[in-house]
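Please open the model in your viewer and keep the sequence panel beside it. The tour begins at a single residue and then widens to the whole chain.

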Amino acid sequence: MGEVVLMSDARIAAIPVRDCGEPLRDVRRGGVIAVDERKSDDEGAFAHLREGLLNRLMDAQDLLPRGVRLLFVEGYRPPSLQRFYFERYADELRAGHPEWSAEQVRAAASRYVSPPEIAPHSAGSAVDLTLVSDDGRELDLGTRVNASPEESDGACYTEAENIGQEARANRRLLAGVLSGAGLVNYPTEWWHWSYGDRYWAFVTGAGHAVYGPVDLDRGPVAAVAPSPSQGD
């Protein structure tokens with residue numbers, strides 16, 4: 001496994017955002033992409049993505065072999081929910097490792113939940129997804145979607161070696177079609193792919209991100225810079 005650059009890395013936060021103002025679109029409209037309801041919310045925020053990402057997701061689906069489909073699990077995540085997820089996981093790590101510094105906790109937490117000020121989900125530029133057969137059966141990808149590093153013994157890492165051959169083949173298939181459509185993977189989570197965010201800009205060498213934090217109803221919002229106490 002090569003170097004894993006985490007969302008907490010200072011190089012990610014340093015990438016500027018020039019939001020293009022592209023709207024969020026509801027993935028459920030048209031029924032082209034299969035949508036799982038496990039992350040549903042009252043407003044349907046989970047089922048939204050920036051238009052450009054949704055178009056690329058549909059392109060990726062067209063690259064799949066017959067009998068296999070993408071299963072969308074979660075897209076847009078309001079900043080307040082992202083902060084809740086991050087702080088809850090950080091609290092769990094802090095309780096289990098009281099000797100860790102604030103910087104160590106933040107870095108470890110970012111393996112599984114992006115720091116709120118960086119989060120691609122809050123920009124509508126990230127999607128969590130897996131593969132299913134035409135009859136809706138989820139394919140074996142080694143772990144469940146959203147399995148933590150602790151729960152999965154690191155098998156949630158995209159290039160983890162402690163998974164079976166079938167899961168490895170399915171991860172290659174998923175990676176092939178999504179990267180072919182221009183998305184990039186967060187290597188600690190095989191199911192997490194993004195386009196247009198800061199992490200995408202870092203991986204691809206783009207000079208800036210084209211999507212920043214966005215409000216479901218009112219469009220792009222000003223990004224919040226991390227405070228000095230948050231480390232990187």
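Select Pro-79 to begin: at 37% relative accessibility it counts as partly exposed, a class that lies between buried (under 20% relative accessible area) and exposed (over 50%), judged with a 1.4 Å probe and protein chains only. This is a predicted model, in which local features need pLDDT of at least 70, side-chain atom pairs count only at pLDDT 80 or more, and totals for chains, interfaces and linings use all residues. Residues are numbered from 1 along each chain as its sequence is written, and side-chain values use heavy atoms, with hydrogens and water left out.

Next, extend the selection to residues 79–96, which form helix α3, the helix that holds Pro-79; helices here are DSSP runs of H or I with at least four residues, strands are runs of E with at least two, and both are numbered from the N terminus. Now show Ser-122 and Val-214, which Pro-79 touches when residues up to four places away in sequence are not counted, a contact being heavy atoms within 4.5 Å. Add Glu-117, whose C-alpha is 8.4 Å from that of Pro-79 although the two are 38 residues apart in sequence.

Zoom out to the protein, where there are 7 helices and 9 strands, and where 50% of the 232 residues count as buried.

Finally, colour by pLDDT, the predictor's confidence in each residue from 0 to 100; the average is 91, but over residues 223–232 pLDDT stays under 50. Where pLDDT is low, the predicted coordinates should not be read in detail.
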